[in-house]
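Visitor: Before I trust any labels on a model, I like to hear what stands behind them. Can you walk me through it?

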Amino acid sequence: MSDPDMLHPELRAPDDSDSITRQGRRLDHAEATSKPLRSRPEPQPRGAKIHGNRPIDQAEAAARFLAAPEHEKMHDERLWDLRQKRDREMHGIPEWEELRSLASAIKEHTLTHLDEYLDQFEANARRNGVHVHWARDAAEHNRIVHGILKDHGAKTLVKSKSMLTEECGFRPYMASVGIEVIETDLGERIQQLDNEDPSHIVVPAVHKLRTDVAEVFSKTIGTDPDNSDVHYLAEAQRESNRPLILAADAGMTGCNFAVAETGGVVVCTNEGNADLSANVPKLHIASIGIEKIIPRLEHLAVFVRLLSRSALGSPITQYTSHFRGPRQGSEMHFVLVDNGRSERLGLDEFWTSLKCIRCGACMNTCPVYRRSGGLSYGATYSGPIGLIIDPTFNARKYSNLPFASTLNGSCSNVCPVKINIHEQIYAWRRELVKQHEVPFVKKAAMKAAGELLSRPAAYRAAIAATNLALGHLPRFVLYNGLNAWGKGRENPRPPRQSFHSWHLANRGDKA
Ligand code: SF4
């Protein structure tokens, strides 16, 4: 990346006076320098606390993220940068809305004929010489991959970023059977070395300051703990990972699109790491969520134009790699994974969430996500898309998540496949009430509010009394430990007159 304007200020050099060298040699990929934020870096806030099946307390983890001002500011600004770049790219495509409609229609058609297209994909892949496997759930996926690796005597596996493997708990499983998995995506490798889940589906370590990365790398790959220059760190990771890739017994990729008419898969990356993972070892395994199918190669053009523009505000990913069959002397396996997708397909209000192409645009635009960090959701998928996917895996554990939204609709507006995200979030709230997965206090408060709002006279009397009380009550009545709302906000001064009484006085006779 040579244009400094493309970098977020946190990553950009205040000046370029220091060349980046190690042992007198300028690093190949070093194009600028950057300085530590301050001598004593702010500690990185960690994500939600997980207690088995108990509901994730997203608000508690978000409060800790908000209490780390450097992280919160950087995270908010960096993601808003992506949103603005996405907008600029979108305005450069006059037919953008037509593309979104087309992408949505292709996905809806495919999902409603999924069985046919999956059969076609499998038949074509087998014809190309690929071994095709079907996994009902995460456990079966992990067992299948382990079986393939065992058959080949493989002990090390290099892999590119894949949210599906995160969903399947793949790395911990492989560790338990003695197979070393090495992430090749820079952000994903940072998260692996820090023993932390990805916090964003496209930029997994976006919540980390470079001082956090310097700390992780100094402990794990031996970099200088006081050097948080991003190019130095990226180069160090590259040098540490490259020999591992060259020596690996097997490689694994995810899949952005699986094309039924060719039986091939397409993987979009910016680092070329998927190509290394797939092409260097003699064994390539691709994990594919069954919703990744598209019917024809020509449909790919629609999605490729939307994906990178929506994700990072760039016209195209650096690498759009097609894998169709094994190279001579090597083997290729596709594992098609359901893991709850068929069930979701049968949910009237939620099936269109399967259209998601994992671009992350809804996360970048979401004010709650930007200010609370992805790890506060305590789930594989965070942000708006997470709010509608996670409860399908475990309604109790993720019952708080659909409430972490203002329902402003910005997520739906930016979604390249036109998922009605905010409406599904609202539908989940209703569903969770039906399933009795909403805390008693919240339910009682909503019931009381419902009663009040359905009686206009009582509502107006309550508003008048509250406005009067707000002017006279001591502060501690509102701003105390029991009122989570008051922790981060000041109540506005109540107006002297309500809109209703103003309307009656000024416009009442014209109504
Ligand atoms: S829901 Fe839409 S905006 Fe969000 S990640 Fe999926 S495709 Fe992108």
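Guide: What follows is a set of questions about labels and the values behind them.

Guide: First, the ground rules: this is a predicted model, where local features need pLDDT of at least 70 and side-chain atom pairs count only at pLDDT 80 or more, while totals for chains, interfaces and linings use all residues. Residues are numbered from 1 along each chain as its sequence is written, and side-chain values use heavy atoms, with hydrogens and water left out.

Visitor: What makes up the secondary structure of the protein chain?
Guide: There are 23 helices and 12 strands. Helices are DSSP runs of H or I with at least four residues, strands are runs of E with at least two, and both are numbered from the N terminus.

Visitor: How do you know that the radius of gyration agrees with a compact globule?
Guide: The rule is 2.2 Å times the number of residues to the power 0.38, with the radius taken over C-alpha atoms. For 511 residues that puts a compact globule near 24 Å, and the protein chain has 25 Å, so the two agree. Along the principal axes, the C-alpha atoms fill a box of roughly 85 × 60 × 50 Å.

Visitor: What share of the protein chain is buried, and what does the word mean here?
Guide: Buried means under 20% relative accessible area, exposed means over 50%, and partly exposed is in between, using a 1.4 Å probe and protein chains only. By that cut-off, 50% of the 511 residues count as buried.

Visitor: What share of the contacts joins residues at least 24 apart?
Guide: A contact means heavy atoms within 4.5 Å. Among contacts between residues at least 6 apart in sequence, 73% join residues at least 24 apart.

Visitor: Why is helix 8 called largely enclosed?
Guide: Six of its eight residues are buried, so the rest of the structure largely encloses helix 8. The buried ones are G187, E188, R189, I190, Q191 and Q192. The cover includes helix 6 (163-167), helix 7 (170-176), strand 5 (180-183), helix 9 and helix 10 (230-247).

Visitor: Why is Q192 called buried?
Guide: Its relative accessibility is 16%, and the cut-off is under 20%, so Q192 qualifies. Leaving out residues up to four places away in sequence, Q192 touches R171, V181, I182 and E183. The C-alpha atoms of Q192 and R171 are 9.3 Å apart, with their positions 21 residues apart along the chain.

Visitor: What happens at the two ends of helix 8?
Guide: At the start, a side-chain oxygen of D185 reaches to within 3.1 Å of the backbone nitrogen of G187. Just after helix 8, N195 takes a positive phi of about 55 degrees.

Visitor: What makes the pairing of D194 and R46 a polar contact?
Guide: A polar contact is a pair of N or O atoms within 3.5 Å; within protein, one must be able to donate a hydrogen and the other to accept it, and residues adjacent in sequence count only if both atoms are side-chain atoms. The side chains of D194 and R46 are joined at 2.8 Å, so the distance passes. D194 sits in the loop between helix 8 (186-193) and helix 9 (210-220), and is buried at 16% relative accessible area. Beyond its neighbours within four places in sequence, D194 is in contact with Q44, R46, K208 and V216.

Visitor: What makes helix 16 mostly covered?
Guide: Nine of the 11 residues of helix 16 (residues 383-393) are buried, including G383, L387 and P391. Among the elements covering them are helix 13 (341-345), helix 14 (361-365) and helix 18 (421-434).

Visitor: Is K397, in the loop after helix 16, buried or exposed?
Guide: K397 counts as buried, at 15% relative accessibility, and its loop lies between helix 16 and helix 17. K397 touches I50, G52, N53, R54, P55 and I56, not counting residues up to four places away in sequence. The C-alpha atoms of K397 and N53 are separated by 5.2 Å, although their positions lie 344 residues apart along the chain.

Visitor: Why single out the phi values of N339 and R358?Guide: Most residues other than glycine have a negative phi. Phi is positive in both, near 45 degrees for N339 and near 55 degrees for R358. N339 is buried at 12% relative accessible area, and R358 is buried at 12% too.
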